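The exercises below are meant to be worked through with the sequence and the 3D view side by side. Try each task before reading its solution.

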Amino acid sequence: MADLTHVDSTGAARMVDVSGKDVSRRSALATGRLVTTPEVVAALRANSLAKGDALATARIAGIMAAKRTPDLVPLCHPIALSGVEVELTVTDEGVSIAARVRTADRTGVEMEALTAVSVAGLTLVDMVKAVDPAATIAEVGVAEKLGGKTGTWRREPSDAKGADA
């Protein structure tokens with residue numbers, strides 16, 4: 001367990017002490033997608049869902065979620081976010097979701113980007129469930145991280161575990 005930073009020598013969960021790390025500019029990009037029916041895709045393109053503008057609502061939900069990540073994910077550091085961008089693109093299969101989160105702090109923002117994508121996806125499911133109760137969120141993952149001690153990392157297609165990267 002020595003390689004796990006959130007576990008102490010006895011196996012107990014702990015919050016990592018980042019006080020000795022340098023403040024640096026960091027960003028992370030997470031992606032995912034809503035998989036749904038052609039009927040929902042048409043309604044999204046026409047902005048005709050009964051619950052209202054699903055894309056705008058999901059965008060706001062994703063931004064709000066990124067800001068609340070330490071309240072949702074145990075042991076996640078509360079950090080000052082410099083920017084959160086959530087992009088939603090309607091495709092023939094559903095909606096592509098991308099969230100870019102930025103900070104100047106001592107730890108990264110991968111969890112905030114993942115939380116933004118996940119909650120934007122959950123919001124889309126809520127907005128479309130009357131038309132497609134089988135809508136799903138798929139392929140949520142970190143696509144890129146920049147900054148910090150380890151520098152730049154980008155997901156390779158082979159890292160996607162069977163998903164499109």
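**Exercise 1.** In this predicted model, work out the order of the strands in the open sheet and which strands stand at its edges.

*Solution.* Begin with the order, which in this open sheet of five strands reads β2-β3-β1-β4-β5, with antiparallel pairing. Next, look at the ends of that order: β2 (81-90) and β5 (153-154) each have a single partner strand, so one side of each is left without a neighbour in the sheet.

**Exercise 2.** Follow the pairing of β2 with β3, and find the helix that lies across these two strands.

*Solution.* Strand β3 covers residues 94-105 and pairs with β2 in the antiparallel sense over nine bridges. As a point of reference, Leu-81 stands opposite Thr-103 in β3. The helix is α2 (residues 54-67), which lies across both strands and runs at about 150° to β2.

**Exercise 3.** Trace the pairings of β4 with β1 and with β5.

*Solution.* Take β1 and β4 to start with: they pair in the antiparallel sense over nine bridges, and Ser-27 stands opposite Leu-146 in β4. Then turn to β5, which runs antiparallel to β4 and is joined to it by two bridges; here Lys-145 has Trp-153 in β5 as its bridge partner. Between the strands of this hairpin there are five residues, and Gly-148 takes a positive phi near 75°.

**Exercise 4.** Describe the largest pocket by its volume and its lining.

*Solution.* The volume of the largest pocket is about 620 Å³. Its lining has 25 residues, and those nearest the centre are His-6, Lys-21, Thr-107, Gly-108 and Glu-110. The elements giving two or more residues to this lining are β1 (24-35), α4 (110-128) and β4 (136-147). Sorted by class, the lining has ten nonpolar, nine polar and six charged residues.

Definitions and conventions: Residues numbered from 1 in each chain as written. Predicted model: local features only at pLDDT ≥ 70, side-chain atom pairs only at ≥ 80, totals over all residues. Heavy atoms only, no water. 1 Å grid on protein atoms, 1.4 Å probe; cavity = no way out; pocket = protein on both sides within 12 Å on 5 of 7 lines; lining within 4 Å. Points joined across faces, edges and corners; volume = space filled by probe spheres on them. Helix = DSSP H or I, 4+ residues; strand = E, 2+ residues; numbered from the N terminus. Nonpolar A, V, L, I, M, F, W, Y, C, P; charged D, E, K, R; others polar. Pairing = 2+ DSSP bridges. Contact = heavy atoms within 4.5 Å. Axes fitted to C-alpha atoms, helices over the stretch in contact; angles between N-to-C directions.
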